[in-house]
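Student: I would like a close look at a single part of this model, namely one packing contact between two helices. Please take me through that contact and what surrounds it.

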Amino acid sequence: MPAQPVGEAGWYLSRPGFAVGGAGVAACWFGGAVGIYRHLLRSAQARTPDQLALAWLGEAERLLAGAAVILEHAAGLADAGQLDAIAAHQVRGQVAGACTRILQLSGQATGPGPLTADEEYARRAADLGIYLRQHHAARDDAALGQLVLDSAGTAGRSPW
């Protein structure tokens, strides 16, 4: 079937609402990480946790708190019609990093057991791992860097 263009080249990525959608995906990642965190918490509650278990739980708590703050800020910007591509990239990168690390912490804290014997956890961990692939890591950071460079050139300065 012949394709029919629906807009100019690059239209999809620059259309109104695209940045908001990107931040919305990060909110979904966050939700997945909350489920992983809850498993980590239950694991720590099931026995007397040692310092490593406490450190892993504390780091996961801190990461979720930071991700929640940036998502809440992004939601306010979106509601005000001010969530731009730079802010969306910042949100996605921060939340992706936090979620990736929480998956790693959970694995360190609980070992392979939950992946082999707890179907709900195994599905949740697999789903989050797959969904996090929507973030393109260094490529998304490079795109953010280009946006910042372009913005600094236009404005003549950095926000920092």
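Tutor: What follows starts with the chain as a whole, then turns to the contact and to the residues around it.

The model is a predicted one. The chain contains seven helices and zero strands, and its pattern along the sequence reads α-α-α-α-α-α-α. The C-alpha trace spans about 55 × 50 × 30 Å along its principal axes. Of the 160 residues, 32% count as buried. Among contacts with a sequence separation of 6 or more, 79% join residues that are 24 or more positions apart.

The part to look at is the contact of helix 2, residues 18–45, with helix 6, residues 119–131. Two packed helices are described by the angle between their axes and the distance between the axes. Here the angle is about 145° and the axes are 10 Å apart. The crossing of helix 2 and helix 6 is left-handed. On the helix 2 side, the residues in the contact are Trp29, Gly32, Ala33, Gly35, Ile36 and His39. They meet Tyr121, Arg124, Ala125, Leu128 and Tyr131 of helix 6. Sorted by type, the residues of this contact are seven nonpolar, three polar and one charged.

Three members of that contact can be followed further: Trp29, His39 and Arg124.

Start with Trp29, which is among the residues with the most contacts inside the largest nonpolar core. That core has 32 residues, and Phe30, Leu64, Val91, Val95 and Ile102 are listed with Trp29 as its best-connected members. Helix 2, helix 3 (51–79), helix 4 (85–110) and helix 6 each supply at least two residues of the core. The largest share, 10 residues, comes from helix 2. As a general point, nonpolar side chains tend to be buried together in soluble globular proteins. Val91, another of the residues with the most contacts in the core, shows what such a position touches. Leaving aside neighbours within four places in sequence, valine 91 is in contact with Ala23, Ala26, Ile70, Leu71 and Ala74.

Next is histidine 39, which is found in helix 2. Histidine 39 counts as buried because its relative accessibility is 11%, and the cut-off for buried is under 20%. Not counting residues up to four places away in sequence, histidine 39 touches Ser106, Thr110, Pro114, Asp118 and Tyr121. Of these, Tyr121 also belongs to the helix 6 side of the contact. Serine 106 can be placed against helix 3 as well: the C-alpha atoms of serine 106 and alanine 53 are separated by 9.6 Å, with these positions 53 residues apart along the chain counted as their separation. Alanine 53 is found in helix 3 and is buried, with a relative accessible area of 5%.

The last of the three is arginine 124, on the helix 6 side of the contact. Arginine 124 forms a salt bridge with glutamate 120, the closest N and O atoms being 3.0 Å apart. The two are four residues apart in helix 6, so about one helical turn separates them. Glutamate 120 counts as exposed at 54% relative accessibility, whereas arginine 124 counts as partly exposed at 31%.

The structure holds three salt bridges. Another one in helix 6 joins the side chains of arginine 123 and glutamate 119, at 2.7 Å from N to O. Arginine 123 and glutamate 119 are also four residues apart in helix 6, so the separation is about one helical turn. Both of these residues are exposed.

A further salt bridge pairs arginine 101 with glutamate 59, with the closest N and O atoms 2.7 Å apart. Arginine 101 lies in helix 4 and glutamate 59 in helix 3, so this pair ties together parts that are 42 residues apart in sequence. Arginine 101 is partly exposed, with a relative accessible area of 24%.

One position lies in the loop between helix 6 and helix 7 (138–155): alanine 137. Phi of alanine 137 is near 50°, a positive value in a residue other than glycine. At 43% relative accessibility, alanine 137 counts as partly exposed.

To return to the request, the contact is a left-handed crossing of helix 2 and helix 6, with the axes 10 Å apart.

Key: Residues numbered from 1 in each chain as written. Predicted model: local features only at pLDDT ≥ 70, side-chain atom pairs only at ≥ 80, totals over all residues. Heavy atoms only, no water. Axes fitted to C-alpha atoms, helices over the stretch in contact; angles between N-to-C directions. Left-handed = near helix turned anticlockwise from the far one by under 90°. Contact = heavy atoms within 4.5 Å. Nonpolar A, V, L, I, M, F, W, Y, C, P; charged D, E, K, R; others polar. Core = buried A, V, L, I, M, F, W, Y, C linked by side-chain atoms within 4.5 Å. Buried < 20%, exposed > 50% of the residue type's maximum accessible area, 1.4 Å probe, protein only. Salt bridge = Lys/Arg side-chain N within 4 Å of Asp/Glu carboxyl O.
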